[in-house]
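Biologist: Before I trust any labels here, I'd like to hear the reasoning behind them. Can we go through it together?

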Amino acid sequence: MPTPLLEIKDLHVWFSVFKGFLKVLDGVDFVVWPGEKVGLVGEMGCGKTTMMKAIMRILLMPPATIRKGEIFFKGRDILKMGQGQLQEIRRRKISMIFQDPTAALNPVFKIGTQLRDVISCTRERGKSMTKGDIRRRAIQVLKEVSLPDPERILENYPIQLSGGMRQRICISTALVSTNELLIADEPGTSLDVTIKDQILRLIGEVVEKRGTSVILISHSLGAVRNMTDRVYVMYAGSMVEAAKTKSLFANPRHPYSQGLIAATPKLTGGGVGKGVPGRIPEYIDPPTGCRFHPRCEHAMPICRDKKPPFFEVNENHQVACFLFRDNQSHR
Amino acid sequence: MQNKMQTKLARTKELSRRWESIHRNWYKFSRNPLSIVGLVLVCTIVFIAIFAPYISPHPESAGKFVNFSDTCDPPSWGHPFGTDRFGRDVLTRTLYGYRYSLGMALMVISIMGPTGIILGLVAGYHRNTWVDTVIMRVTDVFIAVPPLILALAVCSVLTPSIFNAMLAICVAWWPWYTRMVYEITCSLKNEFFVQAAELTGASKVHILFREIIPNCAASILTKMSLDVGWVILIGAALSFVGLGAQPPTPDLGTLVADASSYLPDLWWEAIFPAFAIMVAVLAFNLFGDGIDDMLGEEKGG
Amino acid sequence: MMDTVLTIDRLKKHFVTRQGTVKAVDGISFSVQESEVFGLVGESGSGKSTVAYTVVGMYRPTEGKIIYRGKNIGQESRKRPKELRKDIQIVFQDPGTSLNPRRTIRQILELPLKVHSLSKDDKKPLERVEELLEMVQLPPSYMYKYPTMIGGGERQMVGIARALATDPSFVILDEPTSALDVSVQAKIIDMLIQFQKKFKLAYLFITHDLSLMRNVASRIAIMYLGKICEVALASEFFENPLHPYTQMLLSSIHVISDEEEALIPKKVVSRGEIPSPVNVPPGCSFHLRCPKKMDICSEKDPVMGEVSKGHGVRCHLYDGEAG
């Protein structure tokens with residue numbers, strides 16, 4: 001039985017605040033297989049960034065606490081790893097591309113210096129690299145992200161480059177070492193539409209070539225539809241639907257997924273829907289049972305009492321909703 | 001009738017909301033235990049300053065008083081801080097010293113604080129005009145001179161007295177507020193919410209005092225709190241060189257000054273007042289940090 | 001026959017900086033009719049926000065005219081009559097910075113009421129504030145909250161309430177939902193469309209999201225580096241995009257259904273980046289990225305020409321000068 005590359009089991013993360021605890025992640029289950037492109041769709045405040053930070057273990061530990069759950073990377077629990085093993089994972093196995101490329105690059109150092117630091121930090125243990133090696137590797141990786149004139153870019157400061165170029169450089173820093181998993185947190189969101197498209201295509205090409213798995217986090221359904229094999233829809237701290245991308249967009253099952261898709265404006269016209277009524281719950285006192293039930297027009301009494309587990313609707317299409325308890329759609 | 005009910009309801013909600021915001025502010029303030037230490041010390045000092053005449057063991061020691069039978073007594077039960085060369089109780093004089101020092105600090109800050117702030121607001125809002133240039137260049141001149149030197153210079157021209165010492169410190173201190181507020185105003189001037197207020201047609205006065213100042217409040221209040229400590233120190237320094245409070249006024253600096261020539265024999269005369277200065281400065285520093293924590297990060301929810 | 005509310009005539013706004021002159025808006029002309037939603041689309045550096053700020057009075061035009069209901073209003077807001085300031089309002093893009101974090105919602109909404117002394121029918125400002133909050137579907141208890149205590153979508157609703165407080169007839173919406181999630185966006189857009197119908201407002205709607213624009217605007221203009229490339233009725237725009245930049249923008253959109261895929265031009269893939277507005281290329285400003293570039297494009301800047309009724313394009317491919 002093959003092991004998934006990344007597996008999150010029943011993760012609960014709480015944040016301690018003035019009035020008590022923000023119970024942000026409420027039992028997250030998430031799987032990524034080797035070579036797979038997985039999308040994570042969710043609106044602001046649903047906990048996707050918290051989940052990613054938990055994987056990389058860069059959550060600020062007070063006020064965050066991990067109450068329960070495990071994160072397995074190739075079979076080993078990241079949450080229980082020591083600093084040494086964790087370093088190894090961060091250096092060569094998992095990298096992250098952050099949302100805002102301007103903030104991710106240090107403004108007072110040249111690109112060459114920053115790339116050099118990344119390359120020498122992430123080189124294989126025991127293998128030494130000369131200055132020349134490092135420079136060659138830097139130029140190679142800049143070419144891989146289709147940046148013209150890499151030699152000149154090495155001498156530039158981030159402020160001298162455009163947003164699109166900065167994002168490509170961030171991607172290149174993530175690609176420097178042999179990576180198995182790339183986490184892309186809303187790439188291109190702060191950039192123009194045309195540039196964002198270029199960036200997304202670039203990420204797609206690069207991971208195809210290298211066989212890296214990707215977790216593409218986005219609140220834009222369109223980006224996820226075109227760039228991923230499988231999608232998770234996240235709401236208020238847990239996954240509500242998981243399916244092959246085609247299957248989700250052809251036939252969304254969870255009321256929240258349906259609401260999101262209906263609310264997305266379409267090029268064919270037809271007006272804008274009314275959105276999903278209500279607002280995201282306060283994590284300080286979240287709804288019991290299924291966290292979506294206060295906003296759901298199909299809510300039943302059981303939705304308030306118990307949190308729905310994943311029900312399998314089709315092959316590779318799971319929904320966390322009691323409407324599908326008997327594996328039959330009610331609609 | 002229904003309108004009255006609604007207004008009453010609204011008012012009750014407003015009160016409970018105010019209470020909740022006080023509670024939340026306390027939470028933020030008290031996260032660092034040292035801030036609470038600072039708060040306690042500050043309260044104690046303020047209490048001492050107000051009630052000095054009632055809590056000092058020998059209130060007459062604060063003024064013109066001589067008791068040659070009890071001179072130069074080291075610390076004892078009757079005189080916990082000892083007596084000085086004139087037989088005056090050092091503890092009493094130290095407690096009164098807080099009164100003068102704190103009073104001076106509050107007067108100075110309440111005069112030059114608003115002055116400096118208003119100048120900074122006006123200069124920042126009229127950035128790149130002659131108003132800005134005039135105000136900020138004058139400010140630069142004053143900042144260029146170290147505050148103590150400037151205060152000394154002013155004091156030496158006037159007759160030494162505690163009032164003139166206050167004046168001198170005022171002259172030396174306002175530019176720092178101007179500069180701080182100027183910087184904040186410059187950056188806020190281009191924020192959308194200020195633009196929105198301008199577009200609506202709000203008057204300049206409204207924009208400066210209702211839109212911009214509340215956003216400076218955190219920095220200003222923190223600075224004021226830290227400044228109390230500084231002013232006490234500078235006042236003490238002025239008194240030390242004889243330009244501030246004159247004897248027999250028991251200003252903390254004067255106390256240290258008078259007694260310093262008698263160290264190390266009559267150590268208690270100088271050490272206790274000096275220690276009192278240190279406690280005051282420390283107290284306001286810790287308190288200021290707490291204020292910064294409380295007002296600083298209003299973001300997030 | 002609808003009246004024209006706003007006419008922009010060869011508007012230019014240049015900023016002089018140390019690096020050179022930034023030609024943010026460089027010769028724009030369009031008009032907005034009564035009760036119409038006119039859409040302005042563009043990416044960063046296109047100048048769309050500058051157009052908005054100039055119309056509302058934050059900037060003074062460098063050249064050109066802004067005519068509102070027959071009067072030339074090309075002055076800064078401070079110099080405009082109060083009546084005008086009441087009538088033209090703007091909703092800013094970023095709800096995080098368009099509301100003063102140190103003022104309560106009540107104070108924010110009361111400001112325009114107090115400045116314009118608007119107490120309609122002897123209603124006190126407090127009641128009007130409650131009315132406004134109700135109009136944007138927020139509970140009245142929100143008036144005691146600070147902007148940091150409420151979500152981004154709700155802050156934007158407050159921004160909209162603030163704009164509508166003075167009963168305007170022309171509202172400029174500068175990317176009102178760009179910072180928001182799709183479900184909140186839907187709610188706000190729905191609300192905006194309802195207000196538009198109810199209060200007979202004219203909107204100048206600015207966004208970079210073409211899918212959104214399709215569902216909101218009746219006429220759309222696309223801007224690139226300070227100039228309009230194409231202007232047409234919404235349906236025409238999407239069924240028959242003529243300008244290569246329009247096609248490039250459309251091809252960059254990631255859609256969520258197969259029907260929409262059919263509308264996307266496949267042959268034009270986005271490439272290159274927008275040049276700095278200080279260094280505008282000579283000739284047509286788009287020629288460096290244009291897949292259909294011809295020799296004349298690097299020499300001569302094309303002029304807007306009408307291709308069919310209401311559909312204008314500024315491109316050598318259509319002005320008969322190709323050769």
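Modeller: Sure, starting with the contact between chain A and chain C: in this predicted model, 36 residues of chain A and 31 residues of chain C take part.

Biologist: What makes a residue count as part of that contact?

Modeller: C-beta atoms within 7 Å, so a residue of chain A belongs if its C-beta lies within that cut-off of one in chain C. On the chain A side, the elements giving two or more residues are helix H8 (193–210), helix H9 (221–227) and helix H11 (255–263).

Biologist: How does the side of chain A that touches chain C divide by class?

Modeller: That side has 13 nonpolar, 16 polar and seven charged residues. Mind that Gly goes with the polar ones.

Biologist: On to chain C by itself. How do you know that its radius of gyration agrees with a compact globule?

Modeller: The rule is 2.2 Å times the number of residues to the power 0.38. For 323 residues that comes out near 20 Å, and chain C has 21 Å, so the two agree. Along the principal axes, its C-alpha atoms fill a box of roughly 70 × 45 × 45 Å. Buried residues make up 51% of the chain, where buried takes 20 or more other C-beta atoms within 10 Å.

Biologist: And why is the sheet in chain C called open, with edge strands?

Modeller: Eight strands line up as E6-E7-E8-E3-E9-E10-E12-E11, with mixed pairing. E6 (88–91) and E11 (305–308) each pair on one side only, and those are the edge strands. From one strand to the next, the twist averages 20 degrees.

Biologist: What makes E3 and E9 of chain C a pair?

Modeller: A pair needs at least two bridges; E3 (residues 37–41) and E9 (residues 219–224) of chain C have four and run parallel, so they qualify. C:Gly39 stands opposite C:Ile220 there. Helix H1 (residues 48–56) of chain C packs on this sheet, touching E3, E6, E7, E8 and E9, and its direction makes about 150 degrees with that of E7(C).

Biologist: Last one, in chain B: how do H3 and H4 pack?

Modeller: H3 (residues 90–125) and H4 (residues 130–144) of chain B pack at about 140 degrees with axes 7 Å apart, and the crossing is left-handed. H3(B) contributes B:Leu119, B:Val122 and B:Ala123, while H4(B) contributes B:Val131, B:Asp132, B:Ile135 and B:Met136.

Biologist: How many of those are charged?

Modeller: One is charged, six are nonpolar and none is polar. Asp counts as charged, so the charged one is B:Asp132.

Key: Residues numbered from 1 in each chain as written. Chains lettered and ligands numbered in written order. Predicted model: local features only at pLDDT ≥ 70, side-chain atom pairs only at ≥ 80, totals over all residues. Axes fitted to C-alpha atoms, helices over the stretch in contact; angles between N-to-C directions. Left-handed = near helix turned anticlockwise from the far one by under 90°. Contact = placed C-beta atoms within 7 Å. Buried ≥ 20, exposed ≤ 12 C-beta atoms within 10 Å, placed from the backbone.
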